[in-house]
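Let's take a stroll through a protein model together. Have the sequence and the 3D view open, and find each residue as it comes up.

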Amino acid sequence: MSDPDADTISSRISPSCPPETQRILTAAWAHDLDTVKKLLDTPGRASAQDPVTGETPLHAAIRACGSPSEDDDPADLEAARKTVYELLLWGAIWNDVDNHNETPGCVARRLGRTELYNLCVDAGVRAEMLFGILDGYEQLGSDGGEEEEEDGEDVEMGNDVVVIDEDGDEAPELVNVDEIKSNGVPDQGKQQEESEKEAETEDAVAEEEEAEEEPRFQPPTDTTQADVTSEAYLRSKLTYSDGKLVDEDGNGVMMAWETEIMRQSVDELLPGRESGKRILNIGFGMGIIDTMFAETKPAVHHIIEAHAGVLEHIDNPGSKFGSAWEKSSPSPGAFKVYRGRWQEVCRQLLEEDHVYDAIYFDTFGEDYSQLRMFFTEFIPGLLDGQGRFGFFNGLGADRQICYDVYTKVAELHLADAGLDVDWKVLDVDMSQLAEEGKGEWEGVKRRYWTLDKYRLPICTFLG
């Protein structure tokens, strides 16, 4: 953002900003911690947004600092740090975007406020770790309990009794225990009258809340950022052309600019490119890394690929990894393409006692939870004790703060899985990657990489 006036308080708090939101934005901008604390007593106030600019108290507290200069007052910077910390403590959202598509962390990074940026990153890590835990609880809670209620059993809930019928379904109404004790039987007419009054009150409150609802900020929309699910990807038609593999919607599945990353990954996974190693690669794509793996003359080279279009590409007469390659293996089944989803194939490999010296993971259309499941559930059984594991680290690579957050989250989860990770930082040539729709991105719907540094993970077992 080149316009200096875009970071002034007058440009960030619009005339239509509701008074309560205006008060906390102004207090956050002034780093008035006492006032901020008082205003935070109102639920949700920490994440309030100006309806026009999308400014949050977190944006305001950071933006007010400006860029570092000789005039910086250490006392004010400390007040800013405390304000940001307090807002995060009360639930300020680390990745809310404003009308310039900037998160609070993006603003801190652009202004060069490293300490405030790191506070946002740490908040993002805490949030993502918590979401991971809650997601696990949700999955656990979706299963039925080990013990089922007997037919017709009454289950107490405070002063109410829920009657469970013989099919295990709840009866349609609650019986109040206190009322039975005092009157012998519940007054059905009285209950109906009270229910009608409660319904009328709820309707009135809802109408009042709707009438008084504050205008809401609408974040910038980007139709190119639509999520691609694994199921949709596996159904899509793929096209190989001009050094790229794209799906039918124009999403880049794999591109030639990733070649140097793949080369360095092979160097780290197979130090000295020693021959005779056992290799597993999940996700063939354009075959870039498998070609490099094959050049090392491995003893075992297994590939897992699920997409029918990629498998058809592999089966083409000119393919390096077709039936002729499989027949050339030094022992039966040593060179093989496993056709199917890795979630099923890896279970088969475990059952067959396969172990590998190097494993690489690069799938498309799957979120971080799938990568985590792979290194948590499968790496311990598939990777040799002295082996190395790597993956394409594109998590959150369309925004620096998201990349930093996911790097730390992955590191923590890898440690939980008994893995140590070293990050090798590579320079990315951005000359053909800098602009949407141009250079390498021509004909590609979404610019999935925007950063000039790549963190290459090299994972080994702890100890």
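Below we look at confidence, then salt bridges, then a strand and its partners, and last the nonpolar cores.

**How far to trust it**

Keep in mind that this is a predicted model. The chain has a mean pLDDT of 87, and 81% of its residues reach 70 or more. Residues 138-164 are another story: pLDDT stays under 50 there. For that stretch the model has 34 contacts beyond four places in sequence. Where pLDDT is low, the predicted coordinates should not be read in detail.

**Salt bridges**

Searching the whole structure turns up 22 salt bridges. Here are three of them to look up.

| Pair | Distance between the closest N and O atoms |
|---|---|
| Arg63 and Glu55 | 2.7 Å |
| Glu78 and Arg81 | 2.7 Å |
| Lys408 and Asp122 | 3.5 Å |

Take Arg63 and Glu55. Is Arg63 buried or exposed? Arg63 counts as buried, because its relative accessibility is 2%, and the cut-off for buried is under 20%. Glu55 counts as buried too, with a relative accessibility of 0%. Both residues also belong to a network of salt bridges, which links Asp7, Arg12, Glu55, Arg63, Asp98, Glu102 and Arg110.

Next come Glu78 and Arg81. They sit three residues apart in helix H5 (residues 74-89), so about one helical turn separates them. Glu78 has a relative accessible area of 31%, which makes this residue partly exposed. Arg81 is also partly exposed, at 22% relative accessibility.

The third pair is Lys408 and Asp122, joined by a salt bridge. Lys408 lies in helix H17 (residues 400-416) and Asp122 in helix H7 (residues 114-141), so their salt bridge ties together parts that are 286 residues apart in sequence. Lys408 is partly exposed at 41% relative accessibility, and Asp122 is partly exposed at 33%.

**A strand and its partners**

Now find strand S7 (residues 278-282). How many of its five residues are buried? Four are, so you can think of S7 as mostly covered. S7 pairs with strand S8 (residues 300-305) in the parallel sense, over five bridges. In that pairing, Ile279 stands opposite His301 of S8. Helix H12 (residues 288-295) joins in as well: S7, H12 and S8 make a right-handed β-α-β unit.

S7 also has a second parallel partner to look at. That is strand S10 (residues 356-361), which pairs with S7 over four bridges. Here Ile282 stands opposite Phe361 of S10.

**The nonpolar cores**

In soluble globular proteins, nonpolar side chains tend to be buried together. In this model, the largest nonpolar core has 83 residues, and those touching the most other members are Ile304, Ile359, Phe374, Phe375, Phe389 and Ile401. Which helix gives the most to this core? That would be H7, with nine residues.

Zoom in on Phe374. Leaving aside residues up to four places away in sequence, Phe374 touches Ile282, Trp342, Cys346, Ile359, Phe361, Ile379 and Phe389. Two of those names may ring a bell: Ile282 and Phe361 stand opposite each other in the pairing of S7 with S10.

There is also a second, separate core of 31 residues, and its members include Leu269, Ile288, Phe293 and Leu456.

Conventions:
Residues numbered from 1 in each chain as written. Predicted model: local features only at pLDDT ≥ 70, side-chain atom pairs only at ≥ 80, totals over all residues. Heavy atoms only, no water. pLDDT = per-residue confidence, 0-100. Contact = heavy atoms within 4.5 Å. Salt bridge = Lys/Arg side-chain N within 4 Å of Asp/Glu carboxyl O. Buried < 20%, exposed > 50% of the residue type's maximum accessible area, 1.4 Å probe, protein only. Helix = DSSP H or I, 4+ residues; strand = E, 2+ residues; numbered from the N terminus. Pairing = 2+ DSSP bridges. Right-handed = clockwise from strand over helix to strand, strands pointing away. Core = buried A, V, L, I, M, F, W, Y, C linked by side-chain atoms within 4.5 Å.
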